[in-house]
Amino acid sequence: MSDWSSPVNTVRLTSSGAISAGPSKVLGIYFVSTVAAGSIAIKDGGASGTTLATFDTPIGGTSASEPAYYQIDLPGLGLRCETSAYATLTNVDKVTVIYG
């Protein structure tokens with residue numbers, strides 16, 4: 001049984017961008033990668049904010065342009081962003097971030 005009592009939201013990004021404009025907790029990340037290995041960095045305080053976590057992403061599928069789909073579940077109550085949440089995407093095609 002979860003003790004999470006806040007609403008859960010999602011945002012879909014196809015390039016680096018804001019996850020939330022205010023304080024939030026990043027709970028999970030679903031992403032698609034087709035081109036090359038890359039990364040997803042979660043920051044507190046916008047594009048130039050403090051990096052809370054960086055997740056390396058693998059290259060896409062085994063055939064040219066075959067996408068690879070992955071999900072990252074964050075344990076506990078997630079990554080706490082005190083100011084705002086932001087994702088910097090490097091060589092990642094699409095990301096859906098789950099936050100509350």
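This passage describes the strands, one sheet, the nonpolar core and one serine of a predicted model.

The protein chain contains 0 helices and 9 strands. Read from the N terminus, its elements run β-β-β-β-β-β-β-β-β. Of the 100 residues in the chain, 39% are buried. The accessible surface comes to about 5500 Å². Carbon and sulfur atoms account for 52% of that surface. Contacts between residues at least 6 apart in sequence were also examined. Among these, 77% join residues at least 24 apart.

Four of the strands were assigned to an open sheet, in the order E2-E8-E4-E5. Their pairing is antiparallel. Strand E2 (17-20) and E5 stand at the edges. Each has a single partner strand, so one side of each is left without a neighbour in the sheet. Neighbouring strands of this sheet are turned by 25° against each other on average, with direction ignored. Inside the order, E4 and E8 run antiparallel and are joined by 6 bridges. One residue pair illustrates this link: Ala-41 has Thr-88, in E8, as its bridge partner.

The largest nonpolar core holds 21 residues. Within this core, Ile-19, Val-26, Ile-29, Ile-40, Ile-42 and Val-95 touch the most other members. Several strands each supply at least two residues of the core. They are E1 (9-13), E3 (24-33), E4 (38-44), E5 (50-57), E7 (79-81), E8 (85-90) and E9 (94-99). In soluble globular proteins, nonpolar side chains tend to be buried together.

Ile-42 shows how such contacts are spread along the sequence. Residues up to four places away in sequence are not counted here. Ile-42 touches Ile-19, Val-26 and Ile-29. Further along the chain, Ile-42 touches Thr-50, Thr-51, Leu-52, Ala-53 and Phe-55. Its remaining contacts are Leu-79, Cys-81, Tyr-86 and Ala-87.

A polar residue was examined next. Ser-20 lies in strand E2, which is an edge strand of the sheet. Is Ser-20 buried or exposed? Its relative accessibility is 11%. The cut-off for buried is under 20%, so Ser-20 counts as buried. A polar atom of the Ser-20 side chain lies 3.0 Å from the backbone oxygen of Gly-22. Leaving out residues up to four places away in sequence, Ser-20 touches Ser-84, Ala-85 and Tyr-99.

Methods
Residues are numbered from 1 along each chain as its sequence is written. This is a predicted model: local features need pLDDT of at least 70, side-chain atom pairs count only at pLDDT 80 or more; totals for chains, interfaces and linings use all residues. Side-chain values use heavy atoms; hydrogens and water are left out. A nonpolar core is a set of buried Ala, Val, Leu, Ile, Met, Phe, Trp, Tyr and Cys residues joined through side-chain atoms within 4.5 Å. Buried means under 20% relative accessible area, exposed over 50%, partly exposed in between (1.4 Å probe, protein chains only). Contact means heavy atoms within 4.5 Å. Accessible areas come from the Shrake-Rupley method with a 1.4 Å probe; for residues, only the protein chains shown count as cover. Two strands pair if DSSP finds at least two bridges between them. Axes are lines fitted to C-alpha atoms, for helices over the stretch in contact, and angles run from 0 to 180 degrees between N-to-C directions. A polar contact is a pair of N or O atoms within 3.5 Å; within protein, one must be able to donate a hydrogen and the other to accept it, and residues adjacent in sequence count only if both atoms are side-chain atoms.
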